[in-house]
Amino acid sequence: MAHQPDAEAPLLGKPDAASPPARRNKYPFFCAVLASMTSVLMGYNVAVMSGAQIFMAEDLGISDAQVEVLSGVINIYSLVGALLAGWTSDRLGRRLTIVLANVFFLAGPLAMALAGGYAALMVGRFIAGVGSGYALVIAPVYAAEIAPASSRGLLTSLPEIFINTGVMLSYVSNLAFSGLPVHLSWRMMFAAGVVPTVFLAAGVLTMPESPRWLAMKGRVAEAKAVLDKTSDTPAEAEQRLLEIEAVVSSGGRSSEGGGGAWKEVATRAGVRRVLAIVLTLQFFQQSSGIDSVVLYGPRVLAMAGVTSNTLLLSLNVLFGVAKAGSILIAMALADRVGRRPLLLASTGGMTASLLVLGSLFAAFAGAKDDAAVAAVSVAAVVAFVVAFSVGLGPLAWVYSSEILPLRLRGQGAGLGTAMNRVMSGVVTMTFISLYQAISMAGAFYLYSAVAAASFVFVYACLPETRGRSLEDMEELFHTK
């Protein structure tokens with residue numbers, strides 16, 4: 001294990017600096033991968049509307065306004081799951097909560113595939129939305145709680161890479177089924193997301209429970225057994241258990257009912273600061289417009305001069321590959337370079353690429369079949385999704401999961417996810433109306449201004465957390 005610097009050592013002691021470094025334990029990696037696979041289904045169900053909307057409008061005759069609502073409302077519906085996830089995970093455990101998310105991901109897409117009209121589509125989106133809220137909260141929380149400090153940045157990035165893998169697969173599905181008859185094509189796009197849920201739910205049941213949840217329930221022997229399997233060294237396992245027990249004994253159990261934790265929000269400045277950081281970070285992650293590109297990429301490029309449906313859907317696959325692939329960079333660098341440098345580079349790159357995209361639409365509005373404008377637009381969109389995915393995309397979840405104190409982690413993650421989904425819903429349910437009101441250029445200039453504000457926020461408000469134990473965060477943010 002790579003030892004932490006003395007300045008960043010855990011509160012209850014640190015490893016002997018003279019001891020040789022240990023190899024990283026692979027077991028928590030496999031646990032986090034399995035838990036995060038549910039996020040593939042979340043990404044798939046949200047983004048499959050990107051291409052499906054073209055064929056749904058033709059088959060069912062739904063309007064632009066209805067497309068806008070169907071595309072974005074899954075994010076609002078996910079609030080139900082996000083706000084219940086903290087309560088559910090504190091009672092049933094992290095593992096069974098992940099299984100529950102898979103149940104929703106089975107029922108929702110099935111209802112969409114069988115829908116005969118707008119109302120039935122909304123029911124399917126609601127069910128899938130609840131599952132999305134659960135998945136968004138519980139996957140990063142489980143990964144953060146199962147991971148040793150040496151690989152926590154890597155493992156808590158996994159849900160984001162899997163969400164984007166799901167997005168990419170939905171784009172591939174859009175392209176693959178686009179050649180079918182109109183009444184079948186979009187239904188097959190939704191149905192393809194049903195099959196994996198049963199296998200994932202069964203796989204999750206083989207994982208260990210979160211050691212922090214076990215300790216909160218007084219099951220210390222079980223928590224120790226899990227820590228022995230998921231730590232880099234026996235000494236680290238003992239250290240993590242001491243830290244968890246200290247936090248639980250100082251108030252972690254009170255979060256089971258929620259009241260003790262929320263009382264702290266009202267009375268302690270450090271806790272309020274952490275919660276404000278989590279909410280603001282999630283606000284900026286979505287309000288800078290990433291889901292407008294995820295869900296309306298073909299519309300954006302069509303207005304930039306791309307005319308072929310097949311080419312539009314193919315370029316969407318390119319965006320998905322760029323977005324998912326870029327998160328691998330964040331995963332590789334989060335525990336080496338640190339969270340803060342990646343977040344600053346990300347928000348700066350987003351600002352610049354959105355400015356370029358807005359300027360292209362301002363200078364060449366209405367251009368048709370202009371290959372150069374279309375090519376630069378594609379490059380700007382790729383630059384935007386890459387910049388987002390090397391920093392703000394995955395690290396908003398990493399940072400939020402690791403700075404929340406244990407006694408507030410379930411509920412705090414739920415609130416952060418609620419903010420994330422509200423902003424995603426607002427962005428995706430207003431994008432068509434927004435660009436019709438202020439032009440496509442105006443929409444991207446607005447998103448660029450938000451991205452610039454997020455850069456300032458990261459620079460001014462977010463300290464580095466790399467290498468610190470989760471319990472050490474309580475000292476850093478004065479929440480102990």
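Tutor: Let's start with a term: a salt bridge is a side-chain nitrogen of Lys or Arg within 4 Å of a carboxyl oxygen of Asp or Glu. We're looking at a predicted model, where local features need pLDDT of at least 70, side-chain atom pairs count only at pLDDT 80 or more, and totals for chains, interfaces and linings use all residues. Residues are numbered from 1 along each chain as its sequence is written, and side-chain values use heavy atoms, with hydrogens and water left out.

Student: How many salt bridges does a search of the whole structure find?

Tutor: Some of them share partners: D90, R94 and E145 are joined into one network that way. Searching the whole structure, the count of salt bridges is 7.

Student: Take E402 and R339: how many residues apart in sequence are the parts that this pair ties together?

Tutor: The two form a salt bridge, with the closest N and O atoms 3.0 Å apart. E402 counts as buried at 1% relative accessibility, and R339 does too at 0% (buried is under 20% relative accessible area, exposed over 50%, partly exposed in between, with a 1.4 Å probe and protein chains only). E402 lies in helix α20 (residues 392-403) and R339 in helix α18 (residues 339-363), so the parts tied together are 63 residues apart.

Student: Which other residue forms a salt bridge with R339?

Tutor: Look for a partner that is buried, as R339 is. The closest N and O atoms are 3.0 Å apart, and the partner is D335.

Student: D228 and K224 meet in a salt bridge too; what separates them along their helix?

Tutor: Their side chains meet at 3.2 Å, N to O. D228 is partly exposed at 43% relative accessible area, and K224 is partly exposed at 32%. Because they sit 4 residues apart in helix α12 (residues 220-230), the separation is about one helical turn.

Student: On to the rings: is the pair of Y296 and F431 stacked or edge-to-face?

Tutor: Rings of Phe, Tyr and Trp (its six-membered ring) pair if their centres lie within 6.5 Å; planes under 30 degrees apart count as stacked, over 60 as edge-to-face and the rest as tilted. Here the centres are 5.3 Å apart with 25° between the planes, so by those cut-offs the pair is stacked.

Student: Which helices does this pair link?

Tutor: Both Y296 and F431 are buried, and they are 135 residues apart, in distant parts of the chain. The helices are α16 (residues 290-303) for Y296 and α21 (residues 406-461) for F431.

Student: Which residue forms an edge-to-face pair with F431?

Tutor: The centres are 6.3 Å apart and the planes meet at 65°. F431 and its partner are both buried, and the partner is F444.

Student: Which residues form one aromatic cluster?

Tutor: The structure holds 11 aromatic pairs, and we've just met two of them, Y296 with F431 and F431 with F444. The cluster is Y296, F361, F431, Y435, F444 and Y447.

Student: Is F199 buried or exposed?

Tutor: F199 lies in helix α10, one of the chain's 22 helices (DSSP runs of H or I, at least four residues, numbered from the N terminus), while the strand count is 0. With a relative accessible area of 62%, F199 is exposed.

Notes. Helices (H or I, at least four residues) and strands (E, at least two) are DSSP runs, numbered from the N terminus.
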